[in-house]
Amino acid sequence: MTMLKIEVCVGSACYLLGSQDLIEMIEGLPEDVKANIDLRGSSCLKACGKGPNVKINGELISGVTPDKLMEIIKYNIQRK
Amino acid sequence: MPQVTEVVKLRRRVLTEIARLAFEAKLKQDVDSILYTVVTEEGPRYRCCVYKERAVLKERIKLALSQPSDLEINEAVENALRGKIADMPVINIMPVACDQCPIDKFIVTNACRNCLAHHCINSCPKQAIMVVQNRAYIDKNKCVECGMCKKSCPYGAIIEVNRPCESACDLGAIKAGKDRCAEIDYDKCVQCGSCKTACPFGAISDRSAIVQLIQAIKAGKKVYAVLAPAFIGQFGAKVKPSQVVEALKKMGFYAVAEVSLGADIVTLEETKEFTASVPRQRKYMTTSCCPAFVSMIGKHLPAETNSVSTTVSPMIAIGKVVKQREPDAVVVFVGPCTAKKAEAEQYEGIIDYVITFEELACMMVGAGLNMAKINEAVFETSASRDGNSFAKAGGVMQSVMDMVDTVAPGTDIRPQSCEGLQNCMTAIQQIISGKSDINFIEGMACEGGCVGGPGVLTNMKVTGKLVENFSKSAKAITAGENEFAAAEVQSGVHWHRE
């Protein structure tokens, strides 16, 4: 099974707009869901000002909230 | 629950844009652009219409410039660029942003039995209660929310629902005015910022001096950042303390000092003060490092003022150290606290500006700096383990106890650490009434201590752990082992309130 690769930007601009909340949300997921996620921190995803920015399997998504990220994770995990 | 709500994001976007324009010297001509970049026609929409959002935004900008709301925005910008901070409280309400919380403070529940006694109707001074459909009904147009109906109902059928700002204030300093808009009673307010954090409409905010500070940096003044010990982990768990220091220098700060060194000085002085005065001159002594706690005693328990330690706070102590070395330095306290902004005003000439971690991060982003990409360097704390622990509740108490054990073993010290103003108040009242035999109180207005302050960026559980790990890296364990602090104490500076 391929892992869902999630890169969360932890640069200053994204951190200010809540990237830590995204990381905490992922870390709080059940172990069986987390087992399918490859979580990484990035120092900049080059979309400053539109944050928090996240790359999911290489695709950049801006203005991500914990709810929005949860939906993306659910959609991707279900699809597998 | 996410910490960074849409309200928080909005505040941070405004501060970041103001900082960016100030760094680029475009604030004067482009301040209005903030109204269009932060609130766009497409949304997201938080209020009824774009016009209301921009009206709120104007008030937010003026507060971010430390200027009163009756000024035109251009005049407010000019004042801020000249370095002027208006004579106004730290915590302010933006009436246009206040939703006047149309919640009914007193609600009649199903428990109402339409009794014959009608205590509620008889006790209401405004004749606001009548019986409708076999149950008491409160006419909100007449109700003044005095609570007499709730008190008089023998069934407890009338309940009270408080506004978030009122619930958050332990000192009863914020109430709804006649128009239901929140009003602060500054005779009771200690500027702790808990109402700011609680308001879900972002209608309460602290004034900011980031523009005045940016102007001082750009003028080439020797601007010192004094970092409160809670700075560890504030900008992301992966951002190292040395990166924060380097980023400050890149932004234009002349030098950086640690407030935890001031904390060691405070520990040494407070220990001396305790052993000399308790119990001979006073029954008990409290700490003095939390300005909201000290202000609470002054405003709500004035008879107990003599019990507050006369030792200055770590912020003032490190400010005195810097000013003694460099009299022309501009000293900026960077911390988690809004009450420190008020404290700095009482010590004119020692601390020139106070900014929160949130404001610093907005300045960093405004200056185009990314702390996560700054090169790491070697950074060693100039304070002891105990001095760095001041950031957490219980840290001050432990530091003084460790020193008492060292310099005066056998001293009768019975300490208590209190978090939250209500808990602090209760602890002191219990001593006054004789129900408690505590003789040393550490008072912290915020839950968790400074790591839980209103100006933090990171969850206090995360930073609390990181502060603990960082403090263990200190070479000195207690303040007494810190030779820098000992040398400063011997330098002849006066470390007590006048």
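This passage describes the contact between chains A and B and the salt bridges of a predicted model.

Turning first to the interface, 18 residues of chain A meet 26 residues of chain B. Together the two chains bury about 1,500 Å², with carbon and sulfur atoms contributing 58% of that area. On the chain A side, Ser12(A), Tyr15(A) and Leu16(A) account for 41% of the area buried against chain B, more than any other three residues. No salt bridges were found between chain A and chain B, but seven residue pairs are in polar contact, both partners being at pLDDT 80 or more. Helix 1 (12-16) and helix 2 (19-27) of chain A each give two or more residues to this side, and helix 1 gives the most, with four residues. Sorted by class, the chain A side comprises eight nonpolar, seven polar and three charged residues.

Over all chains, the whole structure holds 33 salt bridges. In one of them, Glu358(B) pairs with Arg12(B) at an N to O distance of 2.7 Å. This pair links helix 16 (residues 357-366) to helix 1 (residues 6-23) of chain B, across 346 residues. Glu358(B) is buried, at 2% relative accessibility, and Arg12(B) is buried too, at 4%.

A network of salt bridges joins Lys105(B), Glu145(B), Lys150(B), Glu160(B), Arg163(B), Glu166(B) and Arg180(B). Within it, Lys105(B) and Glu160(B) have their closest N and O atoms 3.8 Å apart. Lys105(B) sits in the loop between strand 1 and strand 2 of chain B, and Glu160(B) in strand 5, 55 residues away. Here Lys105(B) is buried, at 9%, whereas Glu160(B) is partly exposed, at 34%.

Terms used. Residues numbered from 1 in each chain as written. Chains lettered and ligands numbered in written order. Predicted model: local features only at pLDDT ≥ 70, side-chain atom pairs only at ≥ 80, totals over all residues. Heavy atoms only, no water. Contact = heavy atoms within 4.5 Å. Buried area = accessible area lost by both parts, 1.4 Å probe. Salt bridge = Lys/Arg side-chain N within 4 Å of Asp/Glu carboxyl O. Polar contact = N/O pair within 3.5 Å; in protein donor to acceptor, adjacent residues only side chain to side chain. Nonpolar A, V, L, I, M, F, W, Y, C, P; charged D, E, K, R; others polar. Buried < 20%, exposed > 50% of the residue type's maximum accessible area, 1.4 Å probe, protein only.
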